[in-house]
Amino acid sequence: MIKTLLRAATAAALTVLPLTMTTPAHAAETVSLSEAVASLPQATESRDGYQRTSFKHWNAGKFDDGCNTRMEVLIAEAVDAPEILPGCKLSGGRWWSYYDAKWVTSAGALDVDHMVPLAEAWDSGASQWSAKRREAYANDLDADTSLVAVTAASNRSKADKDPSEWLPNPEVTCRYASEWTGDKKRWGLTVDAAELAALTRLAEACPNTTVEYEPAP
């Protein structure tokens, strides 16, 4: 798993490694996109009481490397590894922003997007979680698709919209629908009627797309 496993003290040491740190509480599941969408629980959304600060981020990350969660994602997703300077500052490197099909050569030009935005997660069930679980959600480095490095412009265009309101460039909508659905399945989040209708249409348009997810502890 690239995001969760590409971490090192220097850029040269970044490698793809098997997950050996812990035994997962739940086995990963792979199902068709249509099956995954159909299994999402439907509920009315409510944003009552939402504050972004209800989701503590970015925390110290998963590794004892002096980098917070945001920086660990940037290091992991770099196509060309940056130099990691003291204080976890990044120099150089190159990233592919898949939302808008753009290359980025400055870490400062990237946002780390929550696949299912924090506000949308709140609306979909996270309002009932403990503060600790919301922090785990906001800093989820145990699933490749929970956090994604993209251009700031594309992230701000998406904002807190669900797939009924926003989609990335058409060439990657099947991937996006899979990752969105997988994140909702991973965290047991609900969908509203408009979101479900949009995901159902996407599943019909992406008949060969699968969803891989591991339920969060």
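**Exercise 1. Classify alanine 101, which has a relative accessibility of 39%, as buried, partly exposed or exposed.**

Before you start, keep in mind that this is a predicted model.

- Step 1: Grab the cut-offs: buried is under 20% relative accessible area and exposed is over 50%, with partly exposed in between.
- Step 2: Place the value. Alanine 101 comes in at 39%, so the label is partly exposed.
- Step 3: Find the residue on the chain. Alanine 101 sits in the loop between β4 (95–97) and β5 (102–104).
- Step 4: Look at the backbone. Phi of alanine 101 is near 55°, which is a positive value in a residue other than glycine.

**Exercise 2. Do the same for cysteine 88: where is it, what is its phi, and is it buried or exposed?**

- Step 1: Cysteine 88 belongs to the loop between β2 (83–85) and β3 (89–91).
- Step 2: Its phi is near 60°, again positive in a residue other than glycine.
- Step 3: Relative accessibility is 7%, so cysteine 88 counts as buried.
- Step 4: Put the two loop residues side by side: cysteine 88 is buried, whereas alanine 101 is partly exposed.

**Exercise 3. Get a feel for the whole chain: how many helices and strands does it have, and what share of its residues is buried?**

- Step 1: Count the elements. The chain has 8 helices and 8 strands.
- Step 2: Check burial. Of the 217 residues, 48% are buried.
- Step 3: Turn to the outside. About 10,400 Å² is exposed, and 52% of that comes from carbon and sulfur atoms.
- Step 4: Ask how far apart in sequence the contacts reach. Taking contacts with a separation of 6 or more, 72% are between residues 24 or more positions apart.

**Exercise 4. Work out how strands β6 and β7 pair, and whether they are covered.**

- Step 1: Locate the pair and its direction. β6 (residues 110–114) and β7 run antiparallel to each other, with 5 bridges between them.
- Step 2: Test the register with two bridges. Leucine 110 is partnered by threonine 151 in β7, while histidine 114 is partnered by leucine 147.
- Step 3: Check cover on β7. Of the 5 residues in β7 (147–151), 5 are buried.
- Step 4: Check cover on β6, where 5 of 5 residues are buried too.
- Step 5: Split β6 by face. Leu110, Val112 and His114 point to one side, Asp111 and Asp113 to the other, and all of them are buried.

**Exercise 5. Follow histidine 114 outwards: which residues does it touch beyond those up to four places away in sequence?**

- Step 1: Start with its home, strand β6.
- Step 2: Read its burial. The relative accessible area is 4%, so histidine 114 is buried.
- Step 3: List the partners: His57, Trp58, Tyr137, Ala138, Ser146, Leu147 and Lys158. Among them, Leu147 is also its bridge partner in β7.
- Step 4: Look at the peptide bond between His57 and Trp58. That bond is cis, with omega about -5°. Tryptophan 58 lies in the loop between α2 (33–38) and α3 (69–77).
- Step 5: Add a distance. The C-alpha atoms of histidine 114 and aspartate 183 are 9.5 Å apart, with their positions 69 residues apart in sequence.

**Exercise 6. Describe how helices α7 and α8 pack.**

- Step 1: Choose the descriptors. Two packed helices are described by the angle between their axes and the distance between the axes.
- Step 2: Fill them in. For α7 (173–187) and α8 (193–205), the angle is about 130° and the axes are 10 Å apart.
- Step 3: Name the geometry: at that angle, α7 is oblique to α8.
- Step 4: Add the hand, since a crossing has one: here it is left-handed.
- Step 5: List who meets whom. On the α7 side are Thr173, Cys174, Ala177, Trp180, Thr181 and Lys184; on the α8 side are Glu195, Leu199, Leu202 and Ala205.

**Exercise 7. Connect valine 37 to this part of the chain: which residues does it contact beyond its neighbours within four places in sequence?**

- Step 1: Valine 37 is part of helix α2.
- Step 2: With a relative accessible area of 2%, valine 37 is buried.
- Step 3: Its contacts are Thr181, Leu196, Leu199, Thr200 and Ala203. Of these, Thr181 and Leu199 also appear among the residues where α7 and α8 meet.
- Step 4: Check the reach. Valine 37 and lysine 184 are 147 residues apart in sequence, yet their C-alpha atoms are 9.5 Å apart.

Conventions
Residues numbered from 1 in each chain as written. Predicted model: local features only at pLDDT ≥ 70, side-chain atom pairs only at ≥ 80, totals over all residues. Heavy atoms only, no water. Buried < 20%, exposed > 50% of the residue type's maximum accessible area, 1.4 Å probe, protein only. Helix = DSSP H or I, 4+ residues; strand = E, 2+ residues; numbered from the N terminus. Pairing = 2+ DSSP bridges. Contact = heavy atoms within 4.5 Å. Areas by Shrake-Rupley, 256 points an atom, 1.4 Å probe, with all protein chains shown as cover. Axes fitted to C-alpha atoms, helices over the stretch in contact; angles between N-to-C directions. Parallel < 35°, antiparallel > 145°, perpendicular 65-115°, else oblique. Left-handed = near helix turned anticlockwise from the far one by under 90°.
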